[in-house]
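Me: I would like to go through this model with you, one question at a time. Please keep each answer to what can be computed from the atoms.

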Amino acid sequence: QVQLVESGGGLVQAGGSLRLSCVASGRMFTINTMRWFRQAPGKQRELVAGITSGGITDYAESVTGRFTISRDNAKNTVYLQMNSLKPEDTARYYCYCTALVAGIQSLYWGQGTQVTVSS
């Protein structure tokens, strides 16, 4: 099993910045792709950004140029630097990863961290 714990959410004014972190822990695992999703009230969960183990990134169009995903493989941690935040970025942000555990590829979710952007 892999546990994902997010942190860094909070309340920020429009135009401000936040940095989210997600740490993966467990025994004998190898993490592959890591992603950030978000879900606003009444809306479906959507992909925000992803990064492969090799560092290849992809972003939702709505955050391109404002958000940056990165990872520290030695620390099993993924980050999401969010700049120029907008009220429409308000959502609960979830960390996701695919990982190889005891030879089995599985996917895991964190509990999420709330981001609220005031206008």
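**Bonds, rings, charges and strands**

Me: What is the torsion about the S-S bond of Cys22 and Cys95?

Reply: A disulfide here is a pair of cysteine sulfur atoms within 2.5 Å. The one between Cys22 and Cys95 is left-handed, because the torsion about its S-S bond is about -85 degrees.

Me: Before we go on, what kind of model is this?

Reply: Residues are numbered from 1 along each chain as its sequence is written, and side-chain values use heavy atoms, with hydrogens and water left out. Local features need pLDDT of at least 70, side-chain atom pairs count only at pLDDT 80 or more, and totals for chains, interfaces and linings use all residues, since this model is predicted.

Me: Thanks! How many residues apart in sequence are the parts that the disulfide of Cys22 and Cys95 ties together?

Reply: The search of the whole structure gives one disulfide, and Cys22 and Cys95 are joined in it with an S to S distance of 2.1 Å. Strands are DSSP runs of E with at least two residues, and helices are runs of H or I with at least four, numbered from the N terminus. Cys22 belongs to strand β3 (residues 18-26) and Cys95 to strand β9 (residues 91-101), so the tied parts are separated in sequence by 73 residues.

Me: How far from Cys97 is the nearest cysteine sulfur?

Reply: Cys97 is buried at a relative accessible area of 0%, where buried means under 20%, exposed over 50% and partly exposed in between (1.4 Å probe, protein chains only). Cys22 and Cys95 are buried too. Cys97 is in no disulfide, and the nearest cysteine sulfur, that of Cys95, lies at 6.4 Å.

Me: Which residues form the aromatic cluster?

Reply: Rings of Phe, Tyr and Trp (its six-membered ring) pair if their centres lie within 6.5 Å; planes under 30 degrees apart are stacked, over 60 edge-to-face and the rest tilted. By this rule there are three aromatic pairs. One of them is Phe37 with Tyr96, edge-to-face at 5.5 Å centre to centre and 65 degrees between the planes. The cluster is made up of Phe37, Tyr96 and Trp109.

Me: How many residues apart are Phe37 and Tyr96, and what does their pair link?

Reply: Phe37 and Tyr96 are both buried. Their pair links distant parts of the chain, with Phe37 in strand β4 (residues 29-39) and Tyr96 in strand β9, a separation of 59 residues.

Me: The charged end of which residue sits over the ring of Tyr94?

Reply: A charge sits over a ring if NZ of Lys or CZ of Arg is within 6 Å of the ring centre and within 35 degrees of the ring normal. The face of Trp109 has Arg45 over it, 4.7 Å from the ring centre. Over the ring of Tyr94, 3.8 Å from its centre, is the charged end of Arg45.

Me: Which residues are linked in the network of salt bridges?

Reply: A salt bridge is a side-chain nitrogen of Lys or Arg within 4 Å of a carboxyl oxygen of Asp or Glu, and the structure has three. Arg38 meets Glu46 at 2.6 Å, N to O, while Asp89 meets Arg38 at 2.9 Å and Arg66 at 2.7 Å. The network therefore takes in Arg38, Glu46, Arg66 and Asp89.

Me: Which residue of the network counts as partly exposed?

Reply: Asp89 counts as buried at 1% relative accessibility, as do Arg38 at 6% and Arg66 at 11%. At 35%, the partly exposed residue is Glu46.

Me: Which are the edge strands of the open four-stranded sheet?

Reply: Two strands pair if DSSP finds at least two bridges between them. The open sheet runs in the order β1-β3-β8-β7 with antiparallel pairing. Pairing on one side only marks the edge strands, which are β1 (2-7) and β7.

Me: Which residue in β8 stands opposite Thr68?

Reply: Strands β7 and β8 pair in the antiparallel sense, over six bridges. Opposite Thr68, in β8, stands Gln81.
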